[in-house]
Amino acid sequence: KYWGSIMSKKLLKNSLIKFAFAVVMVWMSIFLPAGSFSYKNGWLFMVVLFTPIFLVGVVLFLFDPELLKKRLSIKENEKKQSLVVKLSGLTFFAGFVVAGLNYRLGWFMLPMFVVKVAIGIFLLSYLLYAEVLRENKYLSRTIEVSENQQVVDKGLYRIVRHPMYTATIFLFLSMPLILGSVLSFLVFSAYPFIIARRIILEEELLLKELDGYYEYTQRVKYRLIPFVW
């Protein structure tokens, strides 16, 4: 119990630090280029983004701390995957900066009905993401095969092989729309191609190291979107 308590406190501290760091970095990436605190889309985006992240983090801490620990680990040891992660991070940073500049320089801003639709898509996608977390206890931020890991082929995994990435594509493509920036959307549109590369590399590993994964690929044909890819 003592060591369990120590580990829980360490996990809580690590979670809060990383959450606060993410909030500050996203805030700076958006509002410094915007040059104003009056960027309403920016504040709206911060609330829409970090509220569900915080709530899911609380749920994982209380009911599945091991999965939360995995989700907090972001260090990729494989060079190709590390490059993919860095490209994703660069895409997000550039997209946020462009959105801020979009507001500062008075470029075209999307109408509010588009923003509202984007918020709906984001929240639905986050529910999809949360369901994937519930279905797959092996999920990690890094590409790895855990000891005694088994192929997950239930729920959303019966439809596509990588439902988490499907959810993140809709999540990330809705972000620049909430920020009201078409130009930012163009930057974020690189993400699906980056994640496709990550999936190809991930499946190479899974086919080699995860028993039953090849048979799973024969049952579930599509990686991201049914009848597309």
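**Exercise 1. Confidence in the model**

Task: State what average pLDDT the protein has, and find which elements score lowest and highest.

Solution: This is a predicted model, and the protein averages a pLDDT of 87, with 88% of the residues scoring at least 70. Turning next to the elements, helix H7 (residues 182-188) has the highest mean pLDDT, at 96, whereas H3 has the lowest, at 79. Where pLDDT is low, the predicted coordinates should not be read in detail.

**Exercise 2. The length and the buried residues of H5**

Task: Work out what span helix H5 (residues 112-135) should have, compare this span with the model, and then find which helices its buried residues pack against.

Solution: Begin with the expected span, which is 1.5 Å times one less than the number of residues. For the 24 residues of H5 this gives 34 Å, and since the end C-alpha atoms are 35 Å apart in the model, the two values agree. Next, look for the residues of H5 that are buried: they are Val 115, Ala 118, Ile 119, Phe 122, Ser 125, Tyr 126, Tyr 129, Val 132, Leu 133 and Glu 135. To read such a list, recall that an α-helix has 3.6 residues a turn, so residues three or four places apart point the same way. Finally, the partners of the buried residues of H5 are helix H2 (40-63), helix H3 (65-72) and helix H6 (163-178).

**Exercise 3. The surroundings of Tyr 39**

Task: Decide whether Tyr 39 is buried or exposed, and describe how Tyr 39 is placed relative to Leu 179.

Solution: First locate Tyr 39, which is found in the loop between helix H1 (2-34) and H2. Its relative accessibility is 0%, and because buried means under 20%, Tyr 39 counts as buried. Then list what surrounds Tyr 39: leaving aside neighbours within four places in sequence, its contacts include Ile 30, Phe 31, Ala 99, Tyr 103, Met 109 and Leu 179. Leu 179 is 140 residues away from Tyr 39 along the chain, yet their C-alpha atoms are separated by 9.0 Å. Moreover, the side chain of Tyr 39 reaches the backbone oxygen of Leu 179 at 2.6 Å.

**Exercise 4. Salt bridges**

Task: State how many salt bridges the structure holds, and trace which residues are joined into one network by shared partners.

Solution: The structure holds four salt bridges. One of them joins Arg 219 to Asp 153, with the closest N and O atoms 3.1 Å apart. Arg 219 lies in helix H9 and Asp 153 in the loop between H5 and H6, so this pair ties together parts that are 66 residues apart in sequence. A further salt bridge is formed by Arg 161 and Glu 203, whose closest N and O atoms are 2.8 Å apart. Here the loop between H5 and H6, which holds Arg 161, is linked to helix H8 (residues 191-209), which holds Glu 203, across 42 residues. Glu 203 also meets the side chain of Arg 223 in a salt bridge of 3.0 Å, N to O. Because Arg 223 lies in the segment after H9 and Glu 203 in helix H8, this pair ties together parts 20 residues apart in sequence. As for accessibility, Arg 223 is partly exposed at 24%, while Glu 203 is buried at 6%. The salt bridges that share partners therefore join Arg 161, Glu 203 and Arg 223 into one network.

Terms used. Residues are numbered from 1 along each chain as its sequence is written. This is a predicted model: local features need pLDDT of at least 70, side-chain atom pairs count only at pLDDT 80 or more; totals for chains, interfaces and linings use all residues. Side-chain values use heavy atoms; hydrogens and water are left out. Helices (H or I, at least four residues) and strands (E, at least two) are DSSP runs, numbered from the N terminus. Buried means under 20% relative accessible area, exposed over 50%, partly exposed in between (1.4 Å probe, protein chains only). Contact means heavy atoms within 4.5 Å. pLDDT is the predictor's confidence in each residue, from 0 to 100. A polar contact is a pair of N or O atoms within 3.5 Å; within protein, one must be able to donate a hydrogen and the other to accept it, and residues adjacent in sequence count only if both atoms are side-chain atoms.
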